[in-house]
Amino acid sequence: MAEWNDTQQRQSNFTGASVPKTGEVFDEGLRKYMLGVYNYMASAILLTGIVSMLTAQSGLVFAMFDPATGGPTLFYWAMVAAPFILVMWLQFRIFKMSVTTAKVAYWVYATLVGVSIASIFIVYTPVSIAQTFFATAAAFAGLSLFGYTTKKDLSGFGTFLIMGIWGLFAAMLLNVFIFQSPLADMIMSGIGVLLFAGFTAYKTQEVKNIYSQVRGNTEMMAKTTIYGALHLYMAFINMFLFLLRFMGNRE
């Protein structure tokens with residue numbers, strides 16, 4: 001009887017190899033899926049970094065600021081608005097567009113972000129930028145691991161985090177154009193780090209849960225891979241920029 005049970009639990013194929021159990025197949029598929037998400041995210045961060053450095057080194061970054069006043073030019077605001085408009089369009093349309101279009105939009109977005117943040121290379125020292133980047137990477141890895149492994153349902157925090165992020169950016173715009181308070185800027189930077197830390201864990205869990213809904217559907221898996229990478233990329237970049245305000249040494 002025991003031998004019959006063993007045979008049922010681990011059947012062999014014609015080559016003699018064991019057929020994996022359903023749970024093992026699911027876990028392996030999930031591992032590959034999440035690896036694809038992280039690969040897309042890391043590639044976009046690399047692209048953003050390269051574009052940002054090239055923009056700074058080429059001198060194009062100086063076109064973003066008025067040499068007389070030091071204030072932002074129309075080109076600067078165009079570079080800030082372009083990635084924002086593109087990412088909003090991508091988020092709302094990604095499941096209605098082709099996989100190729102989604103990929104192109106994703107890489108264009110990462111490129112535009114690289115141009116828009118190029119000024120960090122003329123404001124902060126290279127050493128402090130590198131230190132902040134590695135600190136962000138370490139924090140992101142820990143937060144994403146927590147989101148992936150925790151048994152606690154984080155979906156309830158989603159609305160709070162998203163509303164908090166929108167509120168934060170609205171407050172930052174008010175501070176830029178009206179209040180212009182350095183203290184308020186630092187306080188909002190601290191809030192930003194906390195919000196995007198929570199967003200990282202929340203989105204990681206969401207991306208993990210999405211896999212069970214789309215596995216087996218090649219097109220949807222490709223689209224949700226880009227969708228997940230996009231949100232984790234945004235979490236990383238924003239957490240890095242907010243941390244840089246604390247850790248960055250100015251030139």
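**Exercise 1. Describe the second largest pocket: its volume, its lining and the helices behind it.**

Step 1. Start with volume. The second largest pocket has a volume of about 300 Å³. A pocket is an open set of points on a 1 Å grid over the protein atoms alone, where a 1.4 Å probe fits, with protein on both sides within 12 Å along at least five of seven lines. The volume is the space filled by probe spheres set on the points, which are joined across faces, edges and corners.

The model is predicted: local features need pLDDT of at least 70, side-chain atom pairs count only at pLDDT 80 or more, and totals for chains, interfaces and linings use all residues. Residues are numbered from 1 along each chain as its sequence is written, and side-chain values use heavy atoms, with hydrogens and water left out.

Step 2. List the lining. It has 17 residues, where a lining residue has an atom within 4 Å of a point. Nearest the pocket centre lie Ile45, Gly49, Phe121, Ile129 and Phe133.

Step 3. Assign the helices. At least two lining residues each come from α2 (22-58), α5 (120-123), α6 (126-149) and α9 (218-247). Helix α2 gives the most, with seven. Helices are DSSP runs (H or I, at least four residues), and strands are E runs of at least two, numbered from the N terminus.

Step 4. Sort by chemistry. The lining holds 14 nonpolar residues, three polar and no charged. Nonpolar covers Ala, Val, Leu, Ile, Met, Phe, Trp, Tyr, Cys and Pro; charged covers Asp, Glu, Lys and Arg; the others, Gly among them, are polar.

**Exercise 2. Place three salt bridges on the helices, and state how exposed their partners are.**

Step 1. Set the rule. A salt bridge is a side-chain nitrogen of Lys or Arg within 4 Å of a carboxyl oxygen of Asp or Glu. Side chains of opposite charge can pair when their charged atoms come close. The whole structure has four salt bridges.

Step 2. Take glutamate 28 and arginine 31. Their N to O distance is 3.1 Å. Both sit in α2, three residues apart, about one turn of the helix. Glutamate 28 is partly exposed at 34%, and arginine 31 is partly exposed at 45%. Relative accessible area sets the class: buried is under 20%, exposed over 50%, partly exposed in between (1.4 Å probe, protein chains only).

Step 3. Take arginine 245 and aspartate 185. Here N to O is 2.4 Å. This pair links distant parts of the chain, α9 and α8 (residues 182-214), 60 residues apart. Arginine 245 is partly exposed at 29%; so is aspartate 185, at 23%.

Step 4. Take glutamate 206 and lysine 203. They meet at 2.6 Å, N to O. Both lie in α8, three residues apart. Glutamate 206 is partly exposed at 21%, whereas lysine 203 is buried at 4%.

**Exercise 3. Check the length of α4 and find its buried residues.**

Step 1. Compute the expected span: 1.5 Å times one less than the number of residues. For the 18 residues of α4 (99-116) this gives 26 Å, and the end C-alpha atoms are 26 Å apart, which agrees.

Step 2. Read off burial. The buried residues of α4 include Val99, Tyr106, Tyr109 and Leu112.

**Exercise 4. Characterise histidine 231 and its polar contact.**

Step 1. Locate histidine 231: helix α9. Histidine 231 is buried, at 4%.

Step 2. Find the partner. The side chain of histidine 231 contacts the side chain of glutamine 91 at 2.8 Å. A polar contact is a pair of N or O atoms within 3.5 Å; within protein, one must be able to donate a hydrogen and the other to accept it, and residues adjacent in sequence count only if both atoms are side-chain atoms.
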